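Me: I am new to this structure and would like a close look at a single part of it. Please start from one residue and work outwards in plain terms.

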Amino acid sequence: VSLPANMIMTKELDYRGTMRFHDEFDKAVELIVSGAADVQKIITGSRPIGEAVDAFHLAFDRGQSIKVVLESA
């Protein structure tokens with residue numbers, strides 16, 4: 001990947017990269033759709049979208065939750 005390193009340094013920008021998966025995502029979707037992976041077991045909470053702040057607090061409490069779902073109206 002080509003980066004404009006001089007511009008990043010000149011502007012004193014913070015540059016952060018991320019890593020994503022390749023084939024694993026498609027395989028995970030396939031397992032969920034087929035029912036071979038029961039993801040309901042890892043959902044430890046859900047909140048309506050209006051309680052998003054509470055949902056994020058719950059999600060970041062690793063002692064209480066694994067996955068928290070935001071529900072749309």
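Is Ile 66 buried, partly exposed or exposed, and at what relative accessibility? Please go on from there to the residues around it.

Reply: The model is a predicted one. Ile 66 has a relative accessibility of 48%. That value falls between the 20% below which a residue is buried and the 50% above which a residue is exposed, so Ile 66 counts as partly exposed. Its place in the chain is the loop that joins helix α3, residues 52-60, to strand β2, residues 67-71.

Ile 66 also takes part in a nonpolar patch on the surface. The other members of the patch are Ile 32, Val 39, Ile 42, Ile 43 and Val 69, and the patch covers about 410 Å².

The next residue to look at is Ser 65, which sits in the loop between α3 and β2. The relative accessible area of Ser 65 is 5%, under the 20% limit, and therefore Ser 65 is buried. Its side chain makes polar contacts with the backbone. One goes to the backbone oxygen of Leu 58, at a distance of 2.6 Å. Another goes to the backbone oxygen of Ala 59, at 3.5 Å. Once neighbours within four places in sequence are set aside, the residues in contact with Ser 65 are Thr 44, Leu 58 and Ala 59.

Thr 44 leads to another element of the chain. Thr 44 belongs to strand β1, which spans residues 43-48. With a relative accessible area of 38%, Thr 44 is partly exposed. A polar atom of the Thr 44 side chain lies 2.9 Å from the backbone nitrogen of Ile 66. If residues up to four places away in sequence are not counted, Thr 44 touches Gln 64, Ser 65, Ile 66 and Lys 67. Thr 44 can also be placed relative to Ile 32, a member of the nonpolar patch. Thr 44 and Ile 32 are 12 residues apart along the chain, and their C-alpha atoms are separated by 17 Å.

Some charged pairs come next. The count of salt bridges is 2. In one of them Arg 47 is paired with Asp 54, and the closest N and O atoms are 2.7 Å apart. Arg 47 has a relative accessible area of 23% and is partly exposed. Asp 54 is partly exposed as well, with a relative accessible area of 38%.

The side chains of Lys 27 and Glu 30 also form a salt bridge, with an N to O distance of 3.5 Å. Both residues belong to helix α2, residues 23-34, where they are 3 residues apart, or about one turn of the helix. Lys 27 counts as partly exposed at 43% relative accessibility. Glu 30, at 48%, is also partly exposed.

Further towards the N terminus is the loop between α1 and α2, where Glu 12 lies. The phi angle of Glu 12 is near 50°, which is a positive value in a residue that is not glycine. Most residues other than glycine have a negative phi. Glu 12 has a relative accessibility of 69%, over the 50% limit, so Glu 12 is exposed. Asp 14 is found in that loop too, between α1, residues 5-10, and α2. Asp 14 is exposed, with a relative accessible area of 72%. Asp 14 and Asp 61 are 47 residues apart in sequence, and their C-alpha atoms are 27 Å apart in space.

The whole protein gives these details a setting. The protein has 3 helices and 2 strands, and from the N terminus on their order is α-α-β-α-β. Its radius of gyration is 18 Å, whereas a compact globule of 73 residues would have a value near 11 Å. Along the principal axes, the C-alpha atoms fill a box of roughly 50 × 30 × 30 Å.

Of the 73 residues, 10% are buried, and Ser 65 is one residue that is buried. The accessible surface of the protein is about 6800 Å², and 58% of it belongs to carbon and sulfur atoms. Among contacts between residues at least 6 apart in sequence, 18% join residues at least 24 apart.

To return to the starting point, Ile 66 is partly exposed, and its backbone nitrogen lies 2.9 Å from a polar atom of the Thr 44 side chain.

Methods. Residues numbered from 1 in each chain as written. Predicted model: local features only at pLDDT ≥ 70, side-chain atom pairs only at ≥ 80, totals over all residues. Heavy atoms only, no water. Salt bridge = Lys/Arg side-chain N within 4 Å of Asp/Glu carboxyl O. Helix = DSSP H or I, 4+ residues; strand = E, 2+ residues; numbered from the N terminus. Buried < 20%, exposed > 50% of the residue type's maximum accessible area, 1.4 Å probe, protein only. Patch = residues over 30% accessible without salt bridge, like charges linked within 9 Å, V, L, I, M, F, W, Y side chains within 5 Å. Areas by Shrake-Rupley, 256 points an atom, 1.4 Å probe, with all protein chains shown as cover. Polar contact = N/O pair within 3.5 Å; in protein donor to acceptor, adjacent residues only side chain to side chain. Contact = heavy atoms within 4.5 Å. Rg over C-alpha atoms; globule rule 2.2 N^0.38 Å.
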